[in-house]
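Me: Please take a close look at any internal cavity in this structure. I should also like an account of the chain around it and of the charged residues elsewhere.

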Amino acid sequence: MLDRLDKALRARPERPAVLSATRSGGTRVRATRGELAELADDFAAALHARGLRAGDTVGVAVRPGPRALAVLLALWRLGLRGAVLDPGAGAEVLRARLALARPALVLADGPAQAVAGWARPLARRAALELPELASLGPVATVGPRLPGCAPALERGAPRAGVPAGYDGEGDAVIVFTSGTTSRPRAVVHTRAGLASGMGTVSELFDGVPDGPVLGGTFFVLVPSLTRGAPVALPARSPATLARQLARLRPRDTYLTPPQLRDALGAGARFGGRVWTGSAPAGAGLLGRVREAGAEQAWGVYALTELFPAAAVESREKAAFEGAGDLVGSPLPGVRTAVDADGQLLLTGPAARDRYLGEEPDPWVATGDRARLDPGGRIVLEGRCKDMVLRRAENIYPGLYEPALHVPGVELGVLVGVPAGDGDERLVAVVQPQPGVSEPALRAALSEPLRRMGAARPDALLFARIPLSGRSRKPDRAAASALAARLVTAAGRRP
């Protein structure tokens, strides 16, 4: 699909490609299709002139937008392997994992170099951190240079002799997962696997007339631009995002669950189809999106190792009455299995080839407990590592957390709080939607909590749930610590 995108950009060079929003929500063209193709050509020539050849690794620390997409198109064209340096992964994690794939060059924009340098103390407050980039390899700046930046990537290099494309196989991208530095792991996707994932996303988006798409991920940009649709990068401010949605009226919108909650809180209205993933999205959140005007609201189950794996529309999810979280039927080509411990295993053409430094393995161990219903749909029962041990009984929070999401609940989790002697107390931490009173929610949750039976929580607390990582998932360790403090402060024995 990346080869198709390159040709598609040149076929309609005058049309807008990447958009952004003004503070009033108006549309600003960041790059036309021709400008994007020209930028990719320029980067490819510069990388080739520096002596980089197929199979070399290039670190990429460039914010989502035209430059980042042009860099990835250039890498694809030359057969280079891109290592995406995500500041949300943490400096020590990236440093340890890049020891397994030292870049021949690191391409970084000015803000990324600031995060790794003079702005590090400020960036840490926002949970963003990069190692000193020069310690990873030679650094070249992409885009405007800020004080202290490395020399710019040479522009205007001769294009004679630059390959028009790369027909070989091999690795395409390395994406770093969260975890500890004691066992560095990095997900390696091949060119064939990446292309397969792009094709699956394109099929999901199929069937809607060409119109603007709102979303900032690579998996949204490439399929949308290939079929001719301009892509708008979501505004960071919830109020501006709400205005952007109202003025842009996208046919397809992809936002993470936290972005959706923030946008809804700012009064956003939706239209067309809305997609969300990267973190749990309950039936209640998808239902609120449809109430806000969306024709369809889809939850996408995806992993760094396999994107996307399954999808479910809000109506189907709302109709599900079983225990656990229905994430939908496996998408075409995805096969499922459940191991002896109840962990969900996935495989398919879009699955990662291997973890860096390890042998290839076709099956992805998701870390999620799950079962398959009679129709073959995937029902998650919680993270294997999130189990709570109470009175010698194993309780998997994901099996019961959907019941917490009654109307008026923004987010809800079940966490364990140490009770001594290795036992735990089960605590429900619920974040109300703005303007919803705690007594009303306590009454609304009374019956759902009673129906949990042996897994009924020992305490119900109302608080803002801590989030973590680039996808802003609930931080269960922090939520557990918060619950312990609140329970103790209320005079209850944890």
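Reply: The helices and strands named below are DSSP runs numbered from the N terminus, a helix needing at least four residues and a strand at least two. The model is a predicted one. In those terms, α7 (191–205) and α8 (218–226) each contribute two or more residues to the lining of the largest cavity. The principal contributor is α7, which supplies three lining residues.

The cavity itself has a volume of about 80 Å³, and the structure holds two cavities of 30 Å³ or more. Its lining consists of Val201, Leu204, Phe205, Phe219, Val220, Tyr254, Trp275, Val300, Phe307 and Pro308. Two of these residues, Phe307 and Pro308, are joined by a cis peptide bond, with omega about -10°. Most peptide bonds, by contrast, are trans. Pro308 belongs to the loop between β13 and β14 (310–313).

The helix that gives most to this lining also carries a charged residue, Arg191. Is Arg191 buried or exposed? Arg191 is buried, and it has no salt bridge. Asp3 provides the nearest side chain of opposite charge, at 5.0 Å, whereas a salt bridge requires the nitrogen and the carboxyl oxygen to be within 4 Å. The side chain of Arg191 does reach a backbone atom, the oxygen of Gly168, at 3.4 Å. Beyond its neighbours within four places in sequence, Arg191 contacts Trp76, Gly79, Tyr166, Gly168, Glu169, Gly170, Asp171 and Ala172.

A second arginine can be described in similar terms. Arg352, in the loop between β17 (343–347) and β18 (354–355), is likewise buried without a salt bridge. For this residue the nearest oppositely charged side chain is that of Asp361, 4.4 Å away. The backbone oxygen of Asp361, however, lies 2.5 Å from a polar atom of the Arg352 side chain. Once neighbours within four places in sequence are set aside, the contacts of Arg352 are Val187, Val188, His189, Glu305, Asp361, Pro362, Trp363 and Val364.

Other charged side chains are paired, and the structure holds 29 salt bridges. One of them joins Asp42 and Arg155, with N and O 2.5 Å apart. This pair connects distant parts of the chain, 113 residues apart: Asp42 is in helix α2 (residues 33–49), and Arg155 is in the loop between β6 (139–141) and β7 (171–176). Asp42 counts as buried because its relative accessibility is 9%, the limit for burial being under 20%. Asp42 and Arg155 also belong to a network of salt bridges that includes Asp6, Arg10, Glu38, Asp41, Arg77 and Arg159.

Asp109 and Arg63 form another salt bridge, at 3.3 Å from N to O. Asp109 is in the loop between β5 (105–108) and α5 (110–116), while Arg63 is in the loop between β3 (57–61) and α3 (66–78), so this pair ties together parts 46 residues apart in sequence. The two partners differ in accessibility: Asp109 is buried at 5%, and Arg63 is partly exposed at 45%.

A further salt bridge links Arg251 with Glu295, whose closest N and O atoms are 3.8 Å apart. Here too distant parts of the chain are joined, 44 residues apart: Arg251 is in the loop between α9 (238–248) and β11 (252–254), and Glu295 is in the loop between α11 (283–291) and β13 (296–301). Arg251 is partly exposed at 30% relative accessibility, and Glu295 is partly exposed at 45%.

The loop between α9 and β11 also holds Arg249. Although Arg249 is not a glycine, its phi is positive, at about 50°. Most residues other than glycine have a negative phi. Arg249 is exposed, with a relative accessible area of 64%.

One glycine may be added. Gly376 is in the loop between β19 (364–372) and β20 (378–383) and is partly exposed, with a relative accessible area of 27%. Its C-alpha is 8.9 Å from that of Thr336, a residue 40 places away in sequence.

Terms used:
Residues numbered from 1 in each chain as written. Predicted model: local features only at pLDDT ≥ 70, side-chain atom pairs only at ≥ 80, totals over all residues. Heavy atoms only, no water. Buried < 20%, exposed > 50% of the residue type's maximum accessible area, 1.4 Å probe, protein only. Lys, Arg positive; Asp, Glu negative; His and termini not counted. Polar contact = N/O pair within 3.5 Å; in protein donor to acceptor, adjacent residues only side chain to side chain. Contact = heavy atoms within 4.5 Å. 1 Å grid on protein atoms, 1.4 Å probe; cavity = no way out; pocket = protein on both sides within 12 Å on 5 of 7 lines; lining within 4 Å. Points joined across faces, edges and corners; volume = space filled by probe spheres on them.
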